[in-house]
Amino acid sequence: MTSSTSSSNPEAVNSDRISRMQDDVLLHILSFLPTIISAKTSILSRRWRFLWAYAPNLIFETDDDVDIVYRVMLLYRSKSINTLRMTRCFPCTDLQFDTWIAYAVMRKVRNLDIWVEGTRILPQCLLNCETLVDLRLSYCCVIPDAGTVYLPCLKNLHLIEVEYESDESLPHLLSGCTKLEEFVLKSDEELLSCYKISSPTIERLTVHFYLSDATSYECRLVINTPALGYLQICDGVDNSTPLIEAEIYLEKGSNKKYDFLYSRSIQKFIDWLGILNPKSIRLNLSSYLTQQTGDSEFFAGTVSFPTLTKLELDADCFLVSQFLKNADNLEILIFNEVSEEKKSYVWVEPLQVPKCLLSHLKVLKFVNTVDKMNNFEMVKFLLKNARVLEKMDVTYSKTSDTEEKIREIVLLCKRASKKCRVTRVEVVK
């Protein structure tokens, strides 16, 4: 009777499906649980007593006691750790931090995610962990500027609100990450005067700055990442605090597959610069525009540059016109013409005289001017309408005319400003 009842009740037969699973499957399930919860399964049966100690991941949270961490590490039986995670501002001393990091390195940790209280110099053993693939450090350490760095397998690096010994700390760390593919940097304090990000392997780069509006602080960001395919830069400075200076060199490779999307992304980047209210911009598009598919017409943005007073531009005359229309307070314009044989953009006079010509533009400098007739029209327009212009320099690099003839043509142009002096007209062969 009992046997018949049991066989007719499928719930009784399948009441313990989990225990029938293989250990590998159970360990995979346990790997998603915080370690303190995973360890509690030891009371289920003799089979479960030490099963949790072979789980590939160790996950600790703020509510876990420090003694529990030590007990777990003493009882842990796996020879390697896939992931060690201490998050949500886990409390610990410097000695405890160093001990836990050394323990993880000895167990050949692959993924390390640490957010603990306090700041201390990053242990040397972590900087030479040959098994580490993913490293995420939040609020917990100081990046040193000396000592050996050897992280041959590291592909993902996240530095969130960490501190640095000096400006050389970041490039020193990156120099030892020979296979790094993704780098995320977030900082909200005036920690460095220059953030140097240089790596031949980084493909994805995210940089977030959250600087205090209450302080006067200059921060430079230098990026040298030839393999880069994705870039995100976020600046948390309030728009009322203008960016002092921006220097951008945009280089375009020979791959034509993404020309349209690349051009659109550059337009959005330039628009983003306008939102930051920079006072000075040095924008070099020479490498991009000399490619066969480079096209400055993509940059006809509508974002204004109300605080821009100085512009150094390596581009063609089309982009000059766009900036003149959108930078009402521009005082200094330095233009280095970029010429591409298969394209020649003709200077088109704005429908209205730009406001900067009427009241602010004081210095004009044309370098490496190529198309004589085209740019004479631009020079004539600027001289004719720049009412407060004080100085103009013109240098031609490709022309069959003599320097005397060009000087004569320029000097005969009508000038709106009586103070304007044409201080230099030169032909450089």
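**Exercise 1.** In this predicted model, classify R85 and its salt-bridge partner as buried, partly exposed or exposed.

*Solution.* Start with R85, which has a relative accessibility of 30% and counts as partly exposed. Next, find the partner: R85 forms a salt bridge with D113, with 3.6 Å between the closest N and O atoms. The two residues sit in distant parts of the chain, R85 in strand β2 and D113 in strand β3, 28 residues apart. Finally, take the relative accessible area of D113, which is 19%. Buried means under 20%, so D113 is buried.

**Exercise 2.** Where in the chain do E377 and K380 lie, and how exposed is each of them?

*Solution.* Locate the residues: both belong to helix α12 (residues 372-385), three residues apart, about one turn of the helix. Check the contact: E377 and K380 form a salt bridge, the closest N and O atoms being 3.9 Å apart. The cut-off is within 4 Å, so the pair qualifies. Then read the exposure: E377 is partly exposed at 36% relative accessible area, and K380 is partly exposed at 39%.

**Exercise 3.** What span is reached by helix α6, and which of its residues are buried?

*Solution.* Helix α6 covers residues 94-106, 13 residues in number. From first C-alpha to last, α6 reaches 18 Å, close to the 18 Å expected at 1.5 Å a residue. The buried residues in α6 are Q96, F97, W100, I101, Y103, A104 and V105. Just after α6 comes K108, with a positive phi of about 60°.

Note on methods:
Residues are numbered from 1 along each chain as its sequence is written. This is a predicted model: local features need pLDDT of at least 70, side-chain atom pairs count only at pLDDT 80 or more; totals for chains, interfaces and linings use all residues. Side-chain values use heavy atoms; hydrogens and water are left out. Helices (H or I, at least four residues) and strands (E, at least two) are DSSP runs, numbered from the N terminus. The expected span of a helix is 1.5 Å times one less than its number of residues. Buried means under 20% relative accessible area, exposed over 50%, partly exposed in between (1.4 Å probe, protein chains only). A salt bridge is a side-chain nitrogen of Lys or Arg within 4 Å of a carboxyl oxygen of Asp or Glu.
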